[in-house]
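Hi,

Here is the structure I said I would pass along. Have a look at it first, and my notes follow underneath.

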Amino acid sequence: MRALVINCSPVRTGATAEIGRIVSEELAGRYEVKFVCIDDYAFSFCKGCRRCHVTAECVRQDDVDILMKEFELADVIVCVSPSYWADVPGQFKAFIDRCTPWCNTHEPHKTIPSGKKGYAIALRTGPNIAECNRIIGTIEHFYGHLEVECCGGLGLTSVEYKENVEPRTQEIKEFCAKI
Ligand SMILES: Cc1cc2nc3c(=O)[nH]c(=O)nc-3n(C[C@H](O)[C@H](O)[C@H](O)COP(=O)(O)O)c2cc1C
């Protein structure tokens, strides 16, 4: 069984990366884990041309296909996202937009194999959990249209830097135990 863990932040050494590292370590006993950062991939914005609604192909060919290949191979997907202005970082949103060829609201559309399970972890500096839940909602909306089953979310407030993650390790490990 394979797990794909995505650092949805462009920061490779921050709090999101640290949570992704803990998740990857926890899952490593039960899954073959691939831990990637959204910034490992170079891709353009969706132009909104809707050509993919007719062809199921994007007019742009870039690293979106490489990251989607990882989705195809994974049994479990864990997206770890910080709040940037109360939503997912722009780099990750740009990736979601570019996944429109895989969106099940139009025919034809591309598909990834069925039976995958998706999890979402959201973190933010502020104290209100509602903002984390909104980000989890964005990720679950994305999973839903790829027909990835939404299996759980974890919100972590009052986290800004890598150092703030250490006291939350137990919460993260308990979440991982359910994956
Ligand atoms: C551009 C930017 C926007 C942010 N916006 C918010 C916000 O709206 N609410 C919040 O609670 N934290 C916000 N934060 C703080 C991040 O959610 C928090 O620092 C998180 O731990 C960042 O993780 P990272 O360094 O791994 O990307 C923002 C941080 C950045 C860089």
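Leu 154 counts as buried, because its relative accessibility is 13%, and the cut-off for buried is under 20%. You'll find Leu 154 in strand β5. For a sense of distance, the C-alpha atoms of Leu 154 and Lys 178 are 11 Å apart, with their positions 24 residues apart along the chain. Before you go further, please keep in mind that this is a predicted model.

Another buried residue is Asn 7, with a relative accessibility of 2%. Asn 7 belongs to strand β1, and its side chain reaches the backbone nitrogen of Ser 9 at 2.9 Å.

That brings me to the ligand, since Ser 9 turns up there too. Which residues come nearest to the ligand? Of the 17 residues around it, these are Ser 9, Thr 16, Ser 83, Arg 124 and Glu 131. Sorted by class, the shell consists of 8 nonpolar, 6 polar and 3 charged residues.

I picked out three contacts with ligand oxygen atoms for you to check on screen:

- Ser 9 has a polar side-chain atom 2.6 Å from an oxygen atom of the ligand.
- Gly 126 has a polar backbone atom 2.9 Å from an oxygen atom of the ligand.
- Glu 160 places a backbone N or O atom 2.8 Å from an oxygen atom of the ligand.

How much of the ligand does the protein bury? On its own the ligand exposes 630 Å², and 73% of that is buried by the protein.

While on Gly 126, I also looked at where the chain start sits relative to it. Met 1 lies in the segment before β1 and counts as exposed, with a relative accessible area of 63%. From C-alpha to C-alpha, Met 1 and Gly 126 are 36 Å apart in space, and they are 125 residues apart in sequence.

Now the charged pairs. As a reminder, side chains of opposite charge can pair when their charged atoms come close. The count for this model comes to 15 salt bridges, and I'll go through three of them.

Two involve Arg 12. Its side chain meets that of Asp 39 in a salt bridge, with 3.9 Å from N to O. This pair links distant parts of the chain: Asp 39 is in the loop between β2 (32–37) and α2 (51–55), whereas Arg 12 is in the loop between β1 and α1, 27 residues apart. Arg 12 also forms a salt bridge with Asp 40, at 2.5 Å from N to O. Here too the partners come from distant parts of the chain, 28 residues apart, with Asp 40 in the loop between β2 and α2 and Arg 12 in the loop between β1 and α1.

Are these three residues buried or exposed, or in between? Asp 39 is partly exposed at 37% relative accessibility, Asp 40 is partly exposed at 38%, and Arg 12 is partly exposed with a relative accessible area of 48%.

The third salt bridge joins the side chains of Glu 149 and Lys 117, at 3.3 Å from N to O. Glu 149 lies in strand β5 (residues 149–156) and Lys 117 in strand β4 (residues 117–123), so this pair ties together parts that are 32 residues apart in sequence. Both ends have some exposure: Glu 149 is partly exposed at 44% relative accessibility, and Lys 117 is partly exposed with a relative accessible area of 34%. Going back to the Arg 12 group, salt bridges that share partners join Arg 12, Asp 39 and Asp 40 into one network.

One more thing to look at on the surface. Val 11, Tyr 84 and Trp 85 form a nonpolar patch there, and together they have about 400 Å² of accessible area. Val 11 sits in the loop between β1 (2–7) and α1 (15–27), and counts as partly exposed because its relative accessibility is 36%.

If you open just two views, I'd start with the ligand and its contact to the side chain of Ser 9, then turn to the network of Arg 12, Asp 39 and Asp 40.

Cheers

Definitions and conventions. Residues are numbered from 1 along each chain as its sequence is written. This is a predicted model: local features need pLDDT of at least 70, side-chain atom pairs count only at pLDDT 80 or more; totals for chains, interfaces and linings use all residues. Side-chain values use heavy atoms; hydrogens and water are left out. Patches are made of residues with over 30% relative accessible area and no salt bridge: like charges are joined within 9 Å, nonpolar side chains (Val, Leu, Ile, Met, Phe, Trp, Tyr) within 5 Å. Accessible areas come from the Shrake-Rupley method with a 1.4 Å probe; for residues, only the protein chains shown count as cover. A salt bridge is a side-chain nitrogen of Lys or Arg within 4 Å of a carboxyl oxygen of Asp or Glu. Helices (H or I, at least four residues) and strands (E, at least two) are DSSP runs, numbered from the N terminus. Buried means under 20% relative accessible area, exposed over 50%, partly exposed in between (1.4 Å probe, protein chains only). A residue is near a molecule or strand if one of its heavy atoms lies within 4 Å of it. A polar contact is a pair of N or O atoms within 3.5 Å; within protein, one must be able to donate a hydrogen and the other to accept it, and residues adjacent in sequence count only if both atoms are side-chain atoms. Ala, Val, Leu, Ile, Met, Phe, Trp, Tyr, Cys and Pro count as nonpolar, Asp, Glu, Lys and Arg as charged, and the others, Gly among them, as polar.
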